[in-house]
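Q: Please take a close look at one part of this model for me, and set it in its surroundings. I would also like to know where I should read with caution, and what each term means when you use it.

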Amino acid sequence: MRFFKKFIALCGIFAVFFAAVGCSEKGLEDAASSLSVYTINAVWSDDDKTLSATQNVDYINEFDVELGELYFHLYPNAYREGARFSPFTAADIADAFPNGASYGGINISSVKVNGKEKEVKIGGQDEDILIVEFDEPLMPTSRVKIDMEYTVTVPNARHRLGYYNKTVNLGNFYPVACVYENGEFESSPYYFNGDPFYSTVANYNVTVTAPKNYTAAMSGIGIITETESDRKTFASALAVRDFAVVLGEFEQMSGTADGAAVTYYYYDDENAEASLNASLDSVKTFNSMFGGYPYKSLAVVQTHFLNGGMEYPALVYISDRQKGELYRDTIIHEIAHQWWYATVGNNQIAHAWLDETLAEYSATLFYEKNAGYNVDYSARIADAMKTYALFCERFENTADKSMDRRLPDFNTPMEYTVMTYVKGQIMMDSLRKTIGDDAFFKGLRKYYGDNRFKIARPENLIGSFEKASGKDLMGFFDTWLDGNVKTFAKT
Ligand SMILES: [Zn+2]
């Protein structure tokens, strides 16, 4: 995700914006050959603001244990009235709900395992987990078919899940299998900090039917069939770790970047061509710097969204609340997430810095490599240093300056933003100066190549830079991630 928050309330006269904001590459078909398959048929009712769906999951146990049951996240339930873990902070409410309070949720009406009807069992800390019990333990690499039917009620909100004015955001709308690690399913609730999502890659076949005035932007190339009143859009996507849809009354503009079809969906952009070009340049730049974008398509979608933007595999939200350079910055940051988060995954609850630091620093690298955009690399790093120094001064006695924390362990959204994006960017610049450009970019390429379609951990990133540089970097990263490094001058 990308945030922009005014720092002015903190700093009095200062108005600083937070940018809240040699390897082998595994091929897409190869990666997709032994994955779970989600087949979803969904119908949007514009009258009821609901999405009714059937979902079949041909699930493969990719973990090294027998599974007696399987958990699925039910993220829409965070939007229900009375949720314990709301996606919104108190400060978000007015902007998130311009038309007043509105609620959503998901109602699962049936679950079958290998064709056999099961009780619908809801659990988790906040009624946000569907528990599917198996009659027989599911052995590693074995498959099981799970069918479910559900209705998602979408709130009138500018959020990942929400409808407002011209768009319907359908992010995290469907039940997605939890990751099993450390002896249990990672079943964290919907924290308002960060992007509290964590899943492995799977193959998707998704059909969305909606009234004809809507175009469906999806995490895959849409194939459209129409009736008199409806438009049905089907898209498949291989080896993606999530699947998102935005319905909207869009104009479209398309191009290709190194073979990937990039479509910009928008409704209010006088510089749509520049936005598309920034999208194409982002894909080309990151392809050449980190390694190839594996998917065939990328949807860059202008939408109503509380924050700057949001990343999903092969689809990014760009908030219409961003203007000018901030709008372009958001496009670049969210597209960088296709490398860091989408292709190389990570546990975003435990190690949010891993993808956010890389996405934000990648945007700075983009400007360094594309001089025509007239944004200075050094100036962006200097801005980050200034922001960090201001934050440290203002909260000298109360701020926890560690970066590698679980989302709920950040004291405030501002602390999360500064430690994850701002300090992270300074850390990457410092690392680059420490090991030199050759080792730095070799390390990034190695991290990308070795971890495509997988879950990477901090030690994978550190190890890639160590291998590329021949240096022991544990001390360097410990100091930044857990320590209180202040080796740069305050301004
Ligand atoms: Zn981000």
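**A hairpin and its surroundings**

A: Over residues 486-491 the pLDDT (the predictor's confidence in each residue, from 0 to 100) stays under 50, and the model has seven contacts for this stretch beyond four places in sequence; two residues are in contact if their C-beta atoms, placed from the backbone, lie within 7 Å. Where pLDDT is low, predicted coordinates should not be read in detail. For the protein chain as a whole the mean pLDDT is 93, with 93% of its residues reaching 70 or more. Residues 5-24, however, have a pLDDT below 50, and that stretch makes 57 contacts in the model beyond near neighbours in sequence. This is a predicted model, in which local features need pLDDT of at least 70 and side-chain atom pairs count only at pLDDT 80 or more, whereas totals for chains, interfaces and linings use all residues. Residues are numbered from 1 along each chain as its sequence is written.

The part to look at closely is the hairpin of strand 1 and strand 2, which has four residues between its strands. Helices (H or I, at least four residues) and strands (E, at least two) are DSSP runs, numbered from the N terminus, and two strands pair if DSSP finds at least two bridges between them. Strand 1 (residues 37-45) runs antiparallel to strand 2, and nine bridges join them, with D58 of strand 2 as the bridge partner of V37. K49 lies in the loop between the two strands and has a phi near 55 degrees, a positive value in a residue other than glycine. K49 counts as partly exposed because 17 other C-beta atoms lie within 10 Å; a residue is buried if 20 or more other C-beta atoms, placed from the backbone, lie within 10 Å of its own, exposed if 12 or fewer, and partly exposed in between.

In strand 2 (residues 50-60) the side chains alternate: L51, A53, Q55, V57 and Y59 point to one face and are buried, while T50, S52, T54, N56, D58 and I60 point to the other face and are not. Such alternation between the two faces of the sheet is what a regular strand shows in general. Strand 2 is also joined to strand 8 (residues 143-153) by 11 bridges, the two running antiparallel, and T50 stands opposite T153 there.

Strand 1, for its part, runs parallel to strand 14, to which seven bridges join it, and N41 stands opposite T207 of strand 14. Strand 14 (202-211) follows a loop that starts after strand 13 (184-185), and strand 14 is largely enclosed by the rest of the structure because eight of its 10 residues are buried. Nine bridges connect strand 14 with strand 17 (residues 230-240) in the antiparallel sense, where A235 is the bridge partner of V206.

In the loop between strand 13 and strand 14 lies S187, which counts as partly exposed because it has 18 C-beta neighbours inside 10 Å. Leaving aside residues up to four places away in sequence, S187 touches Y71, G124, I129 and C178. The C-alpha atoms of S187 and E226 are separated by 39 Å, with the two residues 39 apart along the chain.

A positive phi, of about 50 degrees, is also found at N165, which is not a glycine. N165 sits in the loop between strand 9 (161-164) and strand 10 (167-170), and it is partly exposed because 15 other C-beta atoms lie within 10 Å.

To place this part in the chain, an automatic or database domain assignment supplies the bounds of domain 1 (36-200) and domain 2 (355-481). The C-alpha centres of the two domains lie 31 Å apart, and seven residues of domain 1 are in contact with six residues of domain 2. The side of domain 1 that touches domain 2 has three nonpolar, four polar and no charged residues, where Ala, Val, Leu, Ile, Met, Phe, Trp, Tyr, Cys and Pro count as nonpolar, Asp, Glu, Lys and Arg as charged, and the others, Gly among them, as polar.
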